Amino acid sequence: MNKHFTSIAAAALLACGCGQQDRQGAMSAIIGAGAVAETLDSLSRKYPEADTLLMRRGVELTARFWLEQDGTADEFRAFCLASYLPHQRGELQQRFADNLAAVNGGFGRMSTQLQFAMHVERGDLLPVDATFAEWTPSAHLSDDWFANKLALTLHLNFPYYGLEERNAQGMGWSAEAQAAANLGQCFASRAPEEVHRKAATAEVRAEMYAMDYNIFMHHIVDAEGNRYFPEAMRLISHWGLRDELKSSYADKTEQGRTKQQLIYDLMLRIIAQDIPQEFINAQGSDYCPASNTLYRGGAPAATFAREPDTRYARLLDVFNAQRAADPYSPLYPNAITRAFDAGLEMTFGEVEALFKELLSSPVNKEVAALIGKRLGRPLQPYDIWYDGFKARSAISEDELTAATVKRFPNAAALNRQLPDLLQKLGFARARAEELCSHIAVDAARGSGHAMGATMKGDTSRLRARIPAAGLDYKGFNIAVHEFGHNVEQTIS
């Protein structure tokens, strides 16, 4: 679970109508149409050759964000006259770009360090690690930059363009115009520090829950008490369980099918939170997910405490934190528009249409029939992860792991060989080495992720789960996926 996922999850809850109700906006702008018109008139006389459309957009946007604490209507007009700089727009744009890069980059570096113990396998977590990770140095940035009117100066000179406008006009913009439009997306919310802090805390707690959710697979048994997974196998939910299920397609025997069904039954128990609390991250008992039976000392337990609804409590916390920002976000008034229009730069309707097109395609029936024929059985829900169309599916997981463990015994070995991977994908050697000099590998607590640099000269972090025995194939598969993100992050 990561920030992008949890934000989308919150948006999904909103899309389902969960908890929606009428609320008063927390931002009460005080600048009316008359004050805007007077300000535009004054600016037009001061700058008769300026782009009047751009000027109007900037003044109207600034008026939407101007609150009572910022001053009176007369002070608004005086601010606009002093801060609107059409003849120095290029210099002003560079000033904001340089300083925002320094500020956001500095906060990014701080956050990377504060969350390091939580993300990277460096011994036991200490109680203070969660507190460090939850602390958000940038939470007060919006408050500060609106208070000193830097954010208002940005809105005045670099007004916001909606996604539809950017899609319609953006292809004809110069690089400078594209950069100016990107600046206009900054400070789209005037949420106070408390709202930012609570949102960051909710995200971190959700991430910590996911990263610390492991199952010792040797202790998963069927109804007869048989074991199917190696003793050392510890899988994170959900990435590890999914990848183990996928890898079992290479095992054409009945055991391969049994392993898949056990994992699927386990997933259902995790989703419903029927799974025993004492079985998570522990090896002191055995568990049959099909019957939801816990075995202590080989005997069925008469009772056990199921996992509390923590998974959904964490998602609800993220949802509520996102929702708390709505009244302060006039440009993106809900989590749906922030996640899709601002984050993905695709509207909710466009994404919905893509899913409908994909799911309604007649090709799906043909593919399903082919998969069923290959498997020799009716399709199951977990066959969405069918992996048989890839060449590696003909090679057993054990063979693949033997190769990756030998080649990548630790994080340093993976780091050294990253340029080799890029070169085999077609990158020139010099370019591969240049890119990889800005990417560092860490042994992850969770399944792995890519953390991009937030300023020039900084390093992107590739987090891969590397057991003491070396990088198994599941970890390698995830690491290469995340490495692709790192390359994109570094180039960007």
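Accessible areas here come from the Shrake-Rupley method with a 1.4 Å probe. The structure is a predicted model, so let's work through it with that in mind.

**Exercise 1. Describe the protein as a whole: its exposed area, its extent and its burial.**

Solution. Start with the surface: the protein exposes about 25100 Å², and carbon and sulfur atoms supply 55% of that area. Next, take the extent: the C-alpha trace spans about 85 × 55 × 55 Å along its principal axes. Then turn to burial, where buried residues make up 46% of the 492 residues. Count the secondary structure too, and you find 22 helices and eight strands. Finally, look at the contacts between residues at least 6 apart in sequence: 69% of them join residues at least 24 apart.

**Exercise 2. Check the length of helix 14 against its expected span, then find what it packs against.**

Solution. Helix 14 covers residues 254-272, which is 19 residues. The expected span is 1.5 Å times one less than the number of residues. For helix 14 that gives 27 Å, and its end C-alpha atoms are 27 Å apart, so the two agree.

Now for its surroundings. The buried residues of helix 14 include G256, L262, I263, Y264, L266 and I270, along with the charged-type names K259, D265 and R269. Their packing partners are strand 1 (214-216), helix 13 (239-247), strand 3 (286-288) and helix 15 (310-324). Just past the helix, Q273 takes a positive phi of about 60°.

**Exercise 3. Is K259 buried or exposed, and which residues does K259 touch?**

Solution. First place the residue: K259 sits in helix 14. Buried means under 20% relative accessible area. K259 has a relative accessible area of 13%, so K259 is buried. Leaving out residues up to four places away in sequence, K259 touches Y228, F229, E244 and S248.

**Exercise 4. Work out how enclosed helix 9 is, and name what covers its buried residues.**

Solution. Helix 9 runs over residues 150-157, and seven of its eight residues are buried, so the rest of the structure largely encloses it. Those buried residues are A151, L152, T153, L154, H155, L156 and N157. Their cover includes helix 3 (52-65), helix 4 (73-83), helix 5 (89-114), helix 8 (141-147) and helix 11 (175-183).

**Exercise 5. Compare two strand pairings, one antiparallel and one parallel.**

Solution. Begin with the open sheet of three strands, whose order is 3-4-5 with antiparallel pairing. Strand 3 and strand 5 (299-300) are its edge strands, since each pairs on one side only. Strand 4 (residues 293-296) and strand 5 are joined by two bridges in the antiparallel sense. R296 faces A299 of strand 5.

Then move to strand 6 (residues 439-443), where four of five residues are buried. Strand 6 pairs with strand 8 (residues 460-464) in the parallel sense, over five bridges. Within this pairing, A440 has R461 of strand 8 as its bridge partner.

**Exercise 6. Which residues make the nonpolar surface patch of about 320 Å², and how exposed is V367?**

Solution. The patch is made by V363, V367, L370 and F389. Of these, V367 lies in helix 18 (residues 363-375). Partly exposed residues fall between the 20% and 50% cut-offs. V367 has a relative accessible area of 33%, so V367 is partly exposed.

Terms used
Residues numbered from 1 in each chain as written. Predicted model: local features only at pLDDT ≥ 70, side-chain atom pairs only at ≥ 80, totals over all residues. Heavy atoms only, no water. Patch = residues over 30% accessible without salt bridge, like charges linked within 9 Å, V, L, I, M, F, W, Y side chains within 5 Å. Salt bridge = Lys/Arg side-chain N within 4 Å of Asp/Glu carboxyl O. Buried < 20%, exposed > 50% of the residue type's maximum accessible area, 1.4 Å probe, protein only. Contact = heavy atoms within 4.5 Å. Pairing = 2+ DSSP bridges.
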